[in-house]
Amino acid sequence: MFQVTKKVEYALMALSHMANGSHDAVVTVKDVADTYNIPSKLLAKVFHNLKRGGIVRSYQGKHGGYSLLISPDDLSMAKVMALFGETRGIVTCVEGDGSPCPQRDTCGIRDTMETVGGQMWDLLAKVTIRDFVANRTTALSSEIR
C-alpha cells in the first residue's frame with residue numbers, strides 16, 4: 001500500500017502551517033512541533049532537509065526560524081516527497097535500485113504497475129501545499145476518476 005513516510009507527513013504539515021500565515025512569516029521548530037505534537041528533534045531534521053532542498057530559508061538569532069522560499073501554489077507534494085527520497089515506483093522492481101528482480105522474465109504485473117506509479121506521481125505533482133491549506137479535496141477528485 002502506498003504510504004508517505006513520517007518525515008514527508010511532518011514536512012507537509014509544517015509547510016501547510018507556514019503557508020497558512022503571511023508569506024514572509026518566520027516560524028520556529030518549537031512552534032510547529034508544539035502545534036502539531038511532532039517530536040522536535042525529528043522536525044528539526046525535516047526543516048534541515050527542506051532548507052537543503054531550497055524550499056525554506058533559515059534565520060539565526062533571537063527571532064530566528066524558517067520561512068518559505070517557494071510559493072505554496074508552486075510547491076507540489078511530489079517535490080516534497082522527492083526531497084525526502086520518496087520515489088515514483090510502487091513496487092520495488094520499478095524503483096530501479098540496481099538489484100536484479102528474480103521474477104523479471106516471468107512477471108506479468110511490472111508494466112502495469114509502472115504505469116500506475118507514473119500516474120500516481122503525476123497526480124502528486126498536481127497537489128500543492130496550497131491545496132492542503134485550502135483543504136481542496138474536491139479539486140483533486142476529478143483527477144482520480
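In this predicted model, Asp73 and Arg130 are joined by a salt bridge in which the closest N and O atoms are 3.2 Å apart. Asp73 belongs to the loop between β2 and α4 (77-83), whereas Arg130 sits in helix α7 (residues 129-134), so the pair ties together parts that are 57 residues apart in sequence. Neither end of this bridge counts as buried, because the cut-off for burial is under 20% relative accessible area: Asp73 is partly exposed at 42%, and Arg130 is partly exposed at 24%.

The search of the whole structure finds 3 salt bridges, and the two that remain to be described each lie within one helix. In helix α1 (6-20), the side chains of Glu9 and Lys6 meet with an N to O distance of 3.6 Å, the two residues being 3 positions apart, or about one turn of the helix. Glu9 is partly exposed, with a relative accessible area of 31%, and Lys6 is likewise partly exposed, at 47%. In helix α2 (residues 29-36), Asp34 and Lys30 are 4 residues apart, again about one turn of the helix, and their side chains form a salt bridge with an N to O distance of 2.7 Å. Here both partners count as exposed, Asp34 with a relative accessibility of 51% and Lys30 with 54%.

The wider setting of these pairs is a protein chain with 8 helices and 2 strands. Read from the N terminus, its elements follow the order α-α-α-β-β-α-α-α-α-α, so that the two strands come after three helices and before five, as this order shows. Among the contacts in the protein chain with a separation of 6 or more, 65% are between residues 24 or more positions apart. The chain has 145 residues, of which 34% count as buried, and it exposes about 9100 Å², with carbon and sulfur atoms supplying 50% of that area.

The two strands form a hairpin with 5 residues between them, and Gly61, in the turn, has a positive phi of about 100 degrees. Strand β1 (residues 56-59) and strand β2 (residues 65-68) run antiparallel and are joined by 4 bridges, with Ser58 standing opposite Tyr66 in β2. In a regular strand the side chains alternate between the two faces of the sheet. In β1, Val56 and Ser58 make up the covered face, while Arg57 and Tyr59 make up the uncovered one.

From the covered face of β1, Val56 leads into the interior. Leaving aside its neighbours within four places in sequence, Val56 is in contact with Leu15, Met18, Phe47, Leu50, Lys51, Tyr66, Ser67, Leu68 and Leu69. Val56 is also one of the residues that touch the most other members of the largest nonpolar core, a set of 33 residues in which Leu15, Met18, Leu43, Phe47 and Leu50 hold the same distinction. At least two residues of this core come from each of α1, α2, α3 (40-52), β2, α4 and α6 (110-126), and α1 gives the most, with 8 residues. Helix α1 therefore combines this contribution to the core with the salt bridge between the partly exposed Glu9 and Lys6.

Two further features concern the surface and the backbone. Phe2, in the segment before α1, joins Ile90 and Val116 in a nonpolar surface patch of about 210 Å², and Phe2 itself counts as partly exposed, at 35% relative accessibility. Asn37, for its part, is placed in the loop between α2 and α3, where its phi is near 55 degrees, a positive value in a residue other than glycine. Most residues other than glycine have a negative phi, and most peptide bonds are trans. Asn37 also counts as exposed, with a relative accessibility of 72%.

Notes
Residues are numbered from 1 along each chain as its sequence is written. This is a predicted model: local features need pLDDT of at least 70, side-chain atom pairs count only at pLDDT 80 or more; totals for chains, interfaces and linings use all residues. Side-chain values use heavy atoms; hydrogens and water are left out. Patches are made of residues with over 30% relative accessible area and no salt bridge: like charges are joined within 9 Å, nonpolar side chains (Val, Leu, Ile, Met, Phe, Trp, Tyr) within 5 Å. Accessible areas come from the Shrake-Rupley method with a 1.4 Å probe; for residues, only the protein chains shown count as cover. A salt bridge is a side-chain nitrogen of Lys or Arg within 4 Å of a carboxyl oxygen of Asp or Glu. Buried means under 20% relative accessible area, exposed over 50%, partly exposed in between (1.4 Å probe, protein chains only). Contact means heavy atoms within 4.5 Å. Two strands pair if DSSP finds at least two bridges between them. A nonpolar core is a set of buried Ala, Val, Leu, Ile, Met, Phe, Trp, Tyr and Cys residues joined through side-chain atoms within 4.5 Å.
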